[in-house]
Amino acid sequence: MPRICFVCHGNICRSPMAEVIFRDLLRARGLESDFTVDSAAVSAEELGNPIYPEAADTLRAHGLTPGSHRAYQLSRADYDRFDHFLCMDLSNLSRLRLLFGGDPAHRCALLLSFTERPREVEDPWYTGRFERVYGEISEGCEAFLTALTGE
């Protein structure tokens, strides 16, 4: 059972959006029970906070339910809890590798590195472009799931 963790700075916008979007993709394919999916932060700034209201509104606009998310910060011990850490930007990726003392099992990657146009997912907390970010995350989640399942 693949164990997936989506990662962003504060775990209130991008990574919880990715968690919800990926779970929906799994549900649509009847694969939900075959995966463990979570999300987390590289910083402690938002610990315990719910998903950011605009992120939740964007998910709802697409028929998805944000759930009862609370921001969580990764620790070094989490490296063995997951098979894949999918980061939203290079700063997240760099901070994860520092936290984990490297990435010996090659578990850390940018979410959008699985797409035809690898890039970072911008932070909508700063830009306000939640709909654009929803599209980027959806693209990345689809590409990652395809890479995992070969479908």
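So, Val20: this residue is found in helix H1, and keep in mind that we're looking at a predicted model. Is Val20 buried or exposed? Its relative accessible area is 11%, and because the cut-off for buried is under 20%, Val20 counts as buried. What does Val20 touch, if we skip the neighbours within four places in sequence? Leu59, Leu64, Thr65 and Pro66 are the contacts there. There's also a sequence-distant pair to point out: His69 is 49 residues away from Val20 along the chain, yet their C-alpha atoms are separated by 9.9 Å.

Okay, Leu59 brings us to helix packing, since that residue turns up in the contact of H1 with H2. H1 covers residues 14–28, and its axis comes within 10 Å of the H2 axis, with a crossing of roughly 20°. That angle is under 35 degrees, so H1 and H2 are roughly parallel to each other. For handedness, H1 passes H2 in a right-handed crossing. Who makes the contact? From H1 you have Met17, Val20 and Ile21, and from H2 you have Ala55, Thr58 and Leu59. Sorted by class, that's five nonpolar residues, one polar and no charged ones.

Now keep H1 and swap the partner to H5. Here the axes come within 9 Å, and the crossing is roughly 50°. How do H1 and H5 lie relative to each other, then? They're oblique, and the crossing is right-handed. The list of residues goes like this: on the H1 side, Arg14, Met17, Ala18, Ile21, Phe22, Leu25 and Leu26; on the H5 side, Phe130, Val133, Tyr134, Ile137, Ser138, Cys141, Glu142, Phe144 and Leu145. By class, those divide into 13 nonpolar, one polar and two charged.

That leaves H2 against H5. H2 is residues 53–61 and H5 is residues 130–149; they pack at about 60°, with axes 10 Å apart. So H2 and H5 are oblique to each other as well, and H2 passes H5 in a right-handed crossing. On the H2 side the contact uses Glu54, Ala55, Thr58 and Leu59, and these meet Phe130, Glu131 and Tyr134 in H5. The class count is four nonpolar, one polar and two charged.

If you're following along on the structure, some residues show up twice. Ala55, Thr58 and Leu59 of H2 meet H1, and those residues also meet H5. Likewise, Phe130 and Tyr134 of H5 are in the contact with H2 and in the one with H1.

Next, just past H2. Gly63 lies in the loop between H2 and strand S3, which is 84–87. Buried or exposed, this glycine? Exposed: the relative accessible area of Gly63 is 63%, and the cut-off is over 50%. In space, Gly63 sits 9.9 Å from Asp24, C-alpha to C-alpha, with their positions 39 residues apart in sequence.

Last topic, cysteines. How many disulfides does the structure hold? Zero. Take Cys87: the nearest cysteine sulfur belongs to Cys108 and is 5.8 Å away, so with a cut-off of within 2.5 Å Cys87 is in no disulfide. Cys87 is also buried, at a relative accessible area of 0%. Then there's Cys141, one of the H5 residues in the contact with H1. Cys141 is in no disulfide either, the nearest cysteine sulfur being that of Cys5, 12 Å away. And Cys141 counts as buried too, at 0% relative accessibility.

Definitions and conventions: Residues are numbered from 1 along each chain as its sequence is written. This is a predicted model: local features need pLDDT of at least 70, side-chain atom pairs count only at pLDDT 80 or more; totals for chains, interfaces and linings use all residues. Side-chain values use heavy atoms; hydrogens and water are left out. Axes are lines fitted to C-alpha atoms, for helices over the stretch in contact, and angles run from 0 to 180 degrees between N-to-C directions. Helices (H or I, at least four residues) and strands (E, at least two) are DSSP runs, numbered from the N terminus. Angles under 35 degrees count as roughly parallel, over 145 as roughly antiparallel, 65 to 115 as roughly perpendicular and the rest as oblique. A crossing is left-handed if the near helix is turned anticlockwise from the far one by less than a right angle, and right-handed if clockwise. Contact means heavy atoms within 4.5 Å. Ala, Val, Leu, Ile, Met, Phe, Trp, Tyr, Cys and Pro count as nonpolar, Asp, Glu, Lys and Arg as charged, and the others, Gly among them, as polar. Buried means under 20% relative accessible area, exposed over 50%, partly exposed in between (1.4 Å probe, protein chains only).
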